Every structure is written in C-alpha cells, then in structure tokens.
Amino acid sequence: MGLRRADKASVFWLLFPFFGLWLFFWLVPLFFGVDLALQNPGYSPEHRDSIERVNKDSVFHFNWLNPPTIEIEETESIKYVGLENFSRVLSDDKFYKALKNTSFYVFGSIMFILPLGFALSLALFQLSRMSRGFLVFCLLIPSLALPSVLSTLFYLFFHGRTGALNQYFVIPLGFAPVNWMMDPLFIMPSLIMQSVWRWTGLVTLFFLCGLEAIPRWQWEVVKLEGVGFWMRIRKIFLPNLWHLVLFAVVFLVVDGFASFSGAYNLLGGSGGIMDAGLLLVTYVYQVAFPGGSGRFDFPGAAAMSLLIVPITAFILFIILQTRHRWSLR
Amino acid sequence: MKRFFSTVTLSGAVLVCLYPFIWMFFSSFKTNREIYQPTLLIPENFELDSYLSLFSDQYLPFMSYFLNSAFISILQAVLAVMVTAAAGFVFAKHSFRGKSLIFAIAILVILIPKQALVVPLFDWMLWLGLQGSSWSLILPGIASGLGIVFFTQVFKKVPNELLELAKVEGFSVHGTFFLLLPLAVPALVTYGLLHFILSWQEHLLPLLLLDDDHITLPIALAKLRDSSHRIPESVGMAAATLTLLPVVVLFGICFRKMKTALVHLALS
C-alpha cells in the first residue's frame with residue numbers, strides 16, 4: 001500500500017514507542033556490555049574499595065538475596081584490556097561445564113515436553129469441548145506458578161528418602177530411594193523434570209488449539225482413506241502444527257538458556273554438588289556477584305553473557321531454517 | 001476404547017499437575033512436623049497462623065511486596081500490549097523503507113534475552129539513576145520481540161478489504177489501528193496475560209535491579225525459604241498459595257478468550 005504524507009507520520013508514531021524503548025533499554029545496555037567486556041576487571045581502585053567495604057559489611061557471607069547497591073565512581077584509570085576477558089572465560093572449565101549443563105537441560109526438556117504435549121493434546125481432542133477446556137486449564141496451572149514455588153514444592157515434596165516421589169514410585173518399583181537433590185547424577189534429571197512439569201501444559205494448550213484449527217475436510221479425507229497413524233502424522237499433523245511446534249521450541253530454547261529461578265531456588269545460588277546443576281545464567285550471576293570470594297568480576301560476567309548470545313542465536317537460526325520444511329504442501 | 005485411554009492418561013496428567021498444589025494449599029495450615037511428611041495430605045488441625053502472620057507483616061511486609069509485584073507486572077503487560085500491538089499492526093499491513101531492518105531488530109530482541117544483558121543493564125540503570133525503582137524493571141520489559149511477532153501474525157489475519165474501507169472513509173493509519181482494536185480483543189488479552197505471567201515470574205532482574213522497598217514476590221518467597229530455620233514452613237506455603245491464587249483466577253476468567261485467539265491464530 002502506498003502511503004500518503006500524513007500516513008507516514010502516523011506510521012512513525014505507531015512504531016516510535018517500540019523503537020525508542022528498544023534503543024534505550026536494549027541496544028544501549030548491549031553496547032555497555034561490549035564496553036564492559038573489554039575492560040580490566042580491576043580497573044578502578046575506588047570501585048574495588050567500595051566493593052570490599054560492602055563485602056566486609058555483610059556479616060558472615062555475601063547476602064545472596066540483596067546484593068548491595070554499589071556506587072561505581074567515575075575514574076580516569078579505566079583500562080581497556082582488549083579481548084582478554086573473553087579468552088579468560090573461554091579457558092574457564094566451569095564455563096564449559098555450565099554450557100554443557102544448560103544445553104543438556106534445554107534439549108532434555110524439549111525432548112520430553114514436545115512428545116508429551118502432543119500426546120496429551122491428542123488425548124484431549126478425543127473428549128468433548130467442555131471437559132477439554134477444563135482439563136487443559138488444570139494442566140496449565142504449573143506454568144502459572146512462580147518458579148520459586150515450583151522449586152519449594154519440588155524440594156520439600158521430592159527431597160530425600162521420605163519424599164513423595166521416592167515413596168510413591170521409586171521404592172514400590174523396587175529401587176533404592178534416590179536422593180534427588182544431593183546425588184550429582186540426579187540433579188540435572190530433577191531440573192529437567194521440573195521444567196517438563198512446568199511447561200508441558202502450555203505446549204499442550206498450543207497443540208490443542210492447533211488441532212482444533214485443522215479444517216474439517218482433512219479429517220474427512222483421513223476417515224475415507226483410512227490412513228495409518230504415521231501417515232496421519234506426516235500428512236496432517238506436521239504441516240498444520242509445524243508453526244506451533246517451532247514457536248514452542250523457540251520459546252523453550254530461549255527460556256531454557258535464560259533459566260535461573262528454578263535452579264537458583266533449588267540449589268541456593270550454587271551449582272549444587274560438584275556443580276552438577278550449574279546453569280549459564282547462574283554462573284554469570286556467581287561471577288558478577290560472588291558469595292564471599294570478593295571477586296566482583298563485572299567485565300568477566302559481561303564477556304560471558306556476550307558469549308552466550310551467538311550460541312543461542314545459532315541454535316535458533318538452525319531451528320528457523322527448518323521453518324518451510326513442513327509448511328503446507 | 002480410545003476415549004477410555006484418553007481419559008485415563010489425562011486423569012494421570014491432571015493429578016500430577018494438580019496434586020502438588022493441593023498439597024501446598026493444605027500445607028499452609030500444617031505444623032512443621034506435618035510438612036516434613038510429604039505423603040500426609042490433610043493436616044490434623046487447620047491453623048490460620050501462617051496467613052495471619054503474612055497479613056500482619058510479621059516476617060516481612062508481604063502485602064506491600066505483593067502490591068509491588070502486581071504494579072510492575074500489570075503496568076508492564078498493559079504497556080507492552082499497547083506498544084507491540086501498534087508496531088505489529090504496522091508490520092502486518094504497511095510497507096515502508098527499513099521495515100525488514102526493524103523486523104530483524106524485533107527478532108534480535110528475542111534472541112538476546114534480558115537475562116543475558118543483566119550485568120550491563122544493572123550498570124546502565126545505575127548511571128540513569130533508576131536502579132532500585134520499579135521503573136528499572138518496567139521500562140526494559142516493554143519492548144518485547146515476542147509481542148511484535150505475535151501481533152504481526154494477528155493483524156495479518158485481518159482482511160485487507162476492511163483497511164480499504166477505512167481508507168475510503170478517511171481514517172488515518174493510526175485511526176484505522178484504533179478502529180481495529182476491538183476486533184483484536186482476544187489477541188490483546190492473550191498476549192497481555194502471557195506477558196503478565198512472564199513478568200510476574202521474573203526472578204533475576206528484580207534480584208539485581210530493585211532495592212529493598214520494591215522487592216517482588218519471587219524474591220520475597222526466596223527470602224522466606226532462605227531463613228526457613230526461623231520461619232515455619234507453613235508461612236512459605238501460605239505465601240506461595242497467595243501468589244498463585246490471583247493468577248489462576250485471572251487466567252480462569254480470560255481462558256475462553258485466550259483459546260479463541262490461539263485457535264484463530266493457528267488457522268492457516
């Protein structure tokens with residue numbers, strides 16, 4: 001559509017709020033981050049003094065819940081160290097550990113959530129409209145709760161020998177009770193379990209809406225031709241639901257890489273035993289606001305968060321490349 | 001037969017999803033000793049102490065934290081809906097120079113989440129003097145890439161004839177936008193709720209950006225749990241129940257609209 005002059009102005013004003021906020025609260029912090037990542041971690045003596053003072057003030061250990069406000073004073077001794085912070089992060093074993101854990105967490109949860117959500121939405125589709133709505137709303141409730149609530153429940157409910165999970169499932173099946181939160185082998189599975197529990201309902205809702213949107217004639221064709229289960233998936237579900245699947249995957253990848261609250265509450269800000277549950281954002285937070293060790297490494301943390309960006313961008317790029325694969329044939 | 005299997009599967013799933021929350025609700029009336037037996041569901045006596053202690057600010061000013069959280073999330077959701085719906089409308093129905101650039105920006109916002117920018121954002125907020133206030137959380141939360149993508153899809157479904165008609169009637173572009181808004185109410189409500197819930201659940205940003213007076217619920221809950229040696233567990237459970245209840249009610253009221261919007265969006 002061609003635009004008149006007055007319309008150009010009104011298009012501008014419709015776009016301006018988004019663009020302005022983007023510029024001010026996304027692009028500027030990004031530049032701040034790049035700038036910060038190039039600086040010497042110990043660039044300003046005054047800065048360090050104030051941090052050490054704050055550290056001493058907190059009684060025995062750094063207060064995880066209220067990191068004290070630090071006044072950063074402008075000094076002229078800011079020193080740029082080039083890419084040193086990046087190489088420091090890249091040679092940090094813990095960073096790789098966190099990266100590995102986070103990837104495991106993201107892919108693990110997607111692998112469970114998508115099939116489970118699909119199966120549940122198919123099951124819901126068999127039922128009447130009334131009970132469908134009610135049941136899917138029930139499934140949605142874990143995604144409405146605060147992650148910290150989920151973790152608290154998880155902790156008290158699944159923790160230790162007396163936890164419900166052990167009492168109801170593990171022991172009756174004849175296994176030794178699992179210490180879910182203390183055994184390094186089981187920390188990641190329990191984090192994934194929490195994520196599956198949290199998001200499956202939402203994904204089920206998306207898929208159910210997708211199923212309801214499939215045109216009636218396609219079902220009629222299936223009924224007439226009597227096609228098998230796999231054919232049905234390939235010819236009807238995948239083409240119709242592909243966009244929703246992609247949306248769900250993008251949402252889960254972004255949320256997974258940014259996830260913090262669940263693990264933070266479950267493990268109290270640490271990475272758990274042997275850092276088996278250390279996630280990227282938790283580690284960034286640990287480096288920026290360390291507990292006790294006093295190494296307030298803002299530049300290191302900034303470098304690390306910038307290194308996460310190409311990784312998520314690459315994964316999402318790959319995912320979006322498949323966008324047209326199944327779309328309506 | 002198929003129906004029977006579906007019902008059984010779904011009952012199992014619903015039980016898994018709901019039981020912990022039912023247990024949480026009953027646990028808010030329990031004593032510590034009862035809570036440490038997770039297989040016990042119904043307490044012997046229903047004690048209201050935990051709720052009373054929250055309402056009377058005995059351990060921390062819970063109600064004011066609740067209001068902080070509500071203020072931040074509601075304002076952020078409303079503003080985000082307004083801002084991203086306007087931009088999404090323009091993307092869906094108008095072409096202009098630099099359009100693909102701005103759309104790429106919206107995608108970039110999705111790719112680089114706020115959580116990855118939290119350290120420089122903290123610095124930037126210090127510099128702006130906003131660090132500590134609720135606005136340090138509200139303002140960066142408004143420009144949401146997900147919202148742009150969502151509303152672009154929504155407005156693409158609006159028939160072009162409607163726009164032509166509005167043009168003939170002499171409506172300007174933004175006039176047309178306001179004209180179309182009532183049509184898009186289910187979509188507006190849906191995205192508003194999604195944004196609301198994401199902001200209601202946000203933990204890392206408020207942890208760093210807010211000062212003690214503006215703390216939000218996720219941090220308040222972590223606080224209650226952190227000092228759980230002194231505070232009875234039932235208080236944490238009561239607080240958790242109180243954070244969940246309003247959200248469930250809100251979603252329950254709007255659920256039908258939400259489903260309409262999502263089905264409409266899935267129609268190809």
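**An all-helical chain A and its contact with chain B**

From the N terminus on, chain A simply reads α-α-α-α-α-α-α-α-α-α-α-α-α. That comes to 13 helices and 0 strands in what is a predicted model. Of the 329 residues in chain A, 40% are buried. As for how the chain folds back on itself, take the contacts between residues at least 6 apart in sequence: 75% of these join residues at least 24 apart.

Two helices of chain A are worth a closer look, starting with α8(A). This helix covers residues 184–213, 30 residues in total, and runs 44 Å from its first C-alpha to its last, close to the 44 Å expected at 1.5 Å a residue. Even so, α8(A) has a bend of about 40°, placed at Trp199(A). Most of the helix is covered, with 22 of its 30 residues buried.

Helix α5 of chain A (residues 129–144) tells a similar story on the matter of length. Its 16 residues should span 22 Å at 1.5 Å a residue, and because the end C-alpha atoms are in fact 22 Å apart, the two figures agree. There is a kink here too, of about 25°, at Cys138(A), and the proline Pro142(A) follows shortly after it. Pro142(A) is itself one of the buried residues of α5(A), a list that also takes in Leu135(A), Val136(A), Phe137(A), Leu139(A), Leu140(A), Ser143(A) and Leu144(A).

Now for where the two chains meet. Chain A puts 80 residues into the contact and chain B puts in 83. On the chain A side, the top contributor is helix α1 (residues 5–37), which supplies 20 residues. Sorted by type, that side of chain A holds 61 nonpolar residues, 17 polar ones and just 2 charged ones.

One residue of chain A ties this contact to the core. Leu14(A), which lies within the residue range of α1 of chain A, has a string of partners in chain B once its neighbours within four places in sequence are set aside: Ala86(B), Ala87(B), Phe89(B), Val90(B), Val173(B), His174(B) and Phe177(B). The largest nonpolar core has 152 residues, and Leu14(A) is among those that touch the most other members. Phe206(A) and Val284(A) share that standing from chain A, while Ala87(B), Ala220(B), Leu221(B) and Ala239(B) do so from chain B. Ala87(B) thus turns up in both lists, as a partner of Leu14(A) and as one of these well-connected core members.

Chain B, for its part, splits into domain 1 (1–47) and domain 2 (60–266). Their C-alpha centres are 31 Å apart. Where they touch, 9 residues of domain 1 are in contact with 8 residues of domain 2. On the domain 1 side, the elements giving two or more residues are α1 (2–27) and α2 (32–35) of chain B, and α1(B) has the largest share, at 4 residues. By type, this side of domain 1 is made up of 5 nonpolar, 3 polar and 1 charged residue.

A last oddity sits in a loop of chain B. Asp57(B), between α3 (49–55) and α4 (62–93) of chain B, has a phi near 55°, a positive value in a residue other than glycine. The residue counts as exposed because 12 other C-beta atoms lie within 10 Å, and the cut-off for exposed is 12 or fewer.

Terms used: Residues are numbered from 1 along each chain as its sequence is written. Chains are lettered from A and ligands numbered from 1 in the order in which they are written. This is a predicted model: local features need pLDDT of at least 70, side-chain atom pairs count only at pLDDT 80 or more; totals for chains, interfaces and linings use all residues. Two residues are in contact if their C-beta atoms, placed from the backbone, lie within 7 Å. Ala, Val, Leu, Ile, Met, Phe, Trp, Tyr, Cys and Pro count as nonpolar, Asp, Glu, Lys and Arg as charged, and the others, Gly among them, as polar. A nonpolar core is a set of buried Ala, Val, Leu, Ile, Met, Phe, Trp, Tyr and Cys residues joined through C-beta atoms within 7 Å. A residue is buried if 20 or more other C-beta atoms lie within 10 Å of its own, exposed if 12 or fewer, and partly exposed in between; C-beta atoms are placed from the backbone. Domain bounds come from an automatic or database domain assignment. The expected span of a helix is 1.5 Å times one less than its number of residues. The bend at a residue is the angle between axes fitted to the seven residues ending there and the seven starting there.
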